[in-house]
Structures are given as structure tokens and as C-alpha cells.
Amino acid sequence: MSESKLIQKKCKPCEGGVPALSPEQAQRFLKMLKGWKLVSGRIEKDYIFKDFVDASSWLEKIKFLAEAEGHHPDIHWTWNKITLVLWTHAINGLSENDFILAAKIDSLK
């Protein structure tokens with residue numbers, strides 16, 4: 001599977017009761033993405049923008065994408081830098097949804 005195949009998928013609601021991806025599974029999905037890194041059982045990526053307004057405009061797009069997918073990143077924002085952190089809270093680990101949303105986010109930049 002490639003990043004483009006992830007983009008074509010839709011996040012599925014997760015209410016828990018399913019296992020998180022194993023480290024090996026997470027590494028396979030991570031290879032489909034550019035610039036994301038695995039940190040403490042989560043995936044994250046930094047995005048740098050021209051200025052505060054540029055960052056804000058991009059974050060507005062993320063807001064609508066996350067709502068449409070029903071899956072939301074943790075957002076850390078300082079002036080022209082946004083760090084997105086993805087993990088599935090309901091299972092306290094990574095799921096395919098995290099990688100789907102990451103691929104879709106990257107398609108917006």
C-alpha cells in the first residue's frame with residue numbers, strides 16, 4: 001500500500017475494544033508517509049510556514065479535514081511552526097486511522 005492508497009481510505013470510528021497496531025505494523029504504515037516519525041507510540045510531524053497567518057490558514061484546512069474524517073490530531077502551534085501528533089485515544093495507541101489522516105493532511109500542504 002502507498003500514501004495515495006491511504007488517501008483514498010476513510011477513517012473508521014474507533015470506540016476501543018480493538019488492539020493498537022504492533023510496532024512492526026506501525027513501521028510498515030510509517031514507510032508510506034513522508035517526514036512523519038514514530039515517537040512514544042504516536043506519529044508526529046513538524047510543518048513550517050512563512051508566518052503566523054500562513055500557518056493559521058493551513059490549520060483551518062486541517063480543522064475541516066479532521067471533522068470530515070472524525071479523527072483529530074493533537075496540535076502544537078508556535079508562530080510559524082505547527083507540530084501535529086496522531087494516535088487513537090480510544091485504544092491508547094496507533095491505528096490505521098492515524099496513518100490515513102496523516103496522508104490526507106500531507107496532501108493539503
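Start by selecting valine 85, which counts as buried because its relative accessibility is 9%, under the 20% cut-off. Keep in mind as you go that this is a predicted model.

**Stop 1: around valine 85**

Colour by secondary structure and you will find valine 85 in strand E4. Now show its contacts, setting aside neighbours within four places in sequence: Arg42, Ile43 and Glu44 appear, together with Pro73, Asp74 and His76. Next, pick alanine 103 as well. Valine 85 and alanine 103 lie 18 residues apart in sequence, and their C-alpha atoms are 13 Å apart in space.

**Stop 2: helix H4**

Alanine 103 is one of the buried residues of H4, so select the whole helix, residues 96-108. How far apart are its end C-alpha atoms? They are 19 Å apart, which agrees with the 18 Å that 13 residues should span at 1.5 Å a residue.

Then look at what surrounds this helix. Ten of its 13 residues are buried, so H4 is largely enclosed by the rest of the structure. To see them, highlight Asn97, Asp98, Phe99, Ile100 and Leu101, then carry on through Ala102, Ala103, Lys104, Ile105 and Asp106. Which elements cover these buried residues? The cover includes helices H1 (3-8), H2 (23-30) and H3 (52-69), as well as strands E2 (42-48) and E4 (81-86). Strand E4 is also where you met valine 85.

**Stop 3: two cysteines**

Move on to cysteine 11, which is buried, with a relative accessible area of 7%. Its closest cysteine sulfur is in cysteine 14, and at 10 Å that is too far for a bond; a disulfide would need the two sulfur atoms within 2.5 Å. Select cysteine 14 and you will see that it is in no disulfide either, with the sulfur of cysteine 11 as the nearest one, 10 Å away. The disulfide count comes to zero.

**Stop 4: the whole chain**

Finally, zoom out. The chain has four helices and four strands, and reading along the sequence gives the pattern α-α-β-β-α-β-β-α. Its C-alpha atoms fill a box of roughly 40 × 25 × 25 Å along the principal axes. The radius of gyration is 13 Å, which agrees with the value near 13 Å for a compact globule of 109 residues.

Buried residues make up 40% of the chain. Among contacts with a separation of 6 or more, 68% join residues 24 or more positions apart. Switch on the surface to finish: the accessible area comes to about 6,300 Å², and 55% of it belongs to carbon and sulfur atoms.

Technical notes:
Residues are numbered from 1 along each chain as its sequence is written. This is a predicted model: local features need pLDDT of at least 70, side-chain atom pairs count only at pLDDT 80 or more; totals for chains, interfaces and linings use all residues. Side-chain values use heavy atoms; hydrogens and water are left out. Helices (H or I, at least four residues) and strands (E, at least two) are DSSP runs, numbered from the N terminus. The expected span of a helix is 1.5 Å times one less than its number of residues. Buried means under 20% relative accessible area, exposed over 50%, partly exposed in between (1.4 Å probe, protein chains only). Contact means heavy atoms within 4.5 Å. The radius of gyration is taken over C-alpha atoms; the globule rule is 2.2 Å times the number of residues to the power 0.38. Accessible areas come from the Shrake-Rupley method with a 1.4 Å probe; for residues, only the protein chains shown count as cover.
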